[in-house]
Amino acid sequence: MVVQGEPLVTGFAVAPPFGRAALEAALRADQAGLTAFPEFVRGCWEAGVVWYEVDLVARTCTYHGADGASYREDYPAVTLPG
């Protein structure tokens with residue numbers, strides 16, 4: 001099953017400039033449970049993120065801008081109750 005959400009843009013669009021402060025604000029709001037996934041993705045786009053890469057082994061997520069700028073977030077290991 002696939003559910004297509006609202007597109008961030010339609011047609012031709014220039015990516016916003018990468019802004020670390022805006023990205024961190026979007027990340028912290030999401031981590032605090034203040035946004036749902038669509039709002040998080042829109043916040044990333046508005047912060048200039050054009051793609052992100054998740055490394056499950058290293059527990060990192062790197063957010064990339066169109067201009068080559070990037071920001072890496074490190075995440076602690078989680079132990080699930082067994």
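**Group meeting: a sheet, two helices and a pocket**

Five bridges join strand E2, residues 60-65, to strand E3, and the two run antiparallel. One facing pair here is histidine 64 and, opposite it in E3, serine 70. Keep in mind that this is a predicted model.

Now the whole sheet. How many strands does the open sheet have, and in what order? Three, in the order E1-E2-E3. The pairing is antiparallel. Which strands are at the edges? Strand E1, residues 49-55, and strand E3, residues 70-74. Each of these edge strands pairs on one side only. From one strand to the next, the twist averages 15°. A general word on pairing: strands of a sheet pair through backbone hydrogen bonds, either parallel or antiparallel.

Next, the helices. Helix H1 covers residues 20-31 and packs on the sheet. It touches E1, E2 and E3. The direction of H1 makes about 30° with that of E3. Helix H2 covers residues 37-46 and also packs on the sheet. Which strands does H2 touch? E1 and E2. The direction of H2 makes about 120° with that of E1.

Last, the pocket. The largest pocket has a volume of about 200 Å³. What lines it? Gln4, Gly5, Glu6, Pro7 and Leu8 are in the lining. So are Phe37, Pro38, Val41 and Arg42. How does that lining divide by class? Five residues are nonpolar, two are polar and two are charged.

How values were computed. Residues numbered from 1 in each chain as written. Predicted model: local features only at pLDDT ≥ 70, side-chain atom pairs only at ≥ 80, totals over all residues. Heavy atoms only, no water. 1 Å grid on protein atoms, 1.4 Å probe; cavity = no way out; pocket = protein on both sides within 12 Å on 5 of 7 lines; lining within 4 Å. Points joined across faces, edges and corners; volume = space filled by probe spheres on them. Nonpolar A, V, L, I, M, F, W, Y, C, P; charged D, E, K, R; others polar. Pairing = 2+ DSSP bridges. Helix = DSSP H or I, 4+ residues; strand = E, 2+ residues; numbered from the N terminus. Axes fitted to C-alpha atoms, helices over the stretch in contact; angles between N-to-C directions. Contact = heavy atoms within 4.5 Å.
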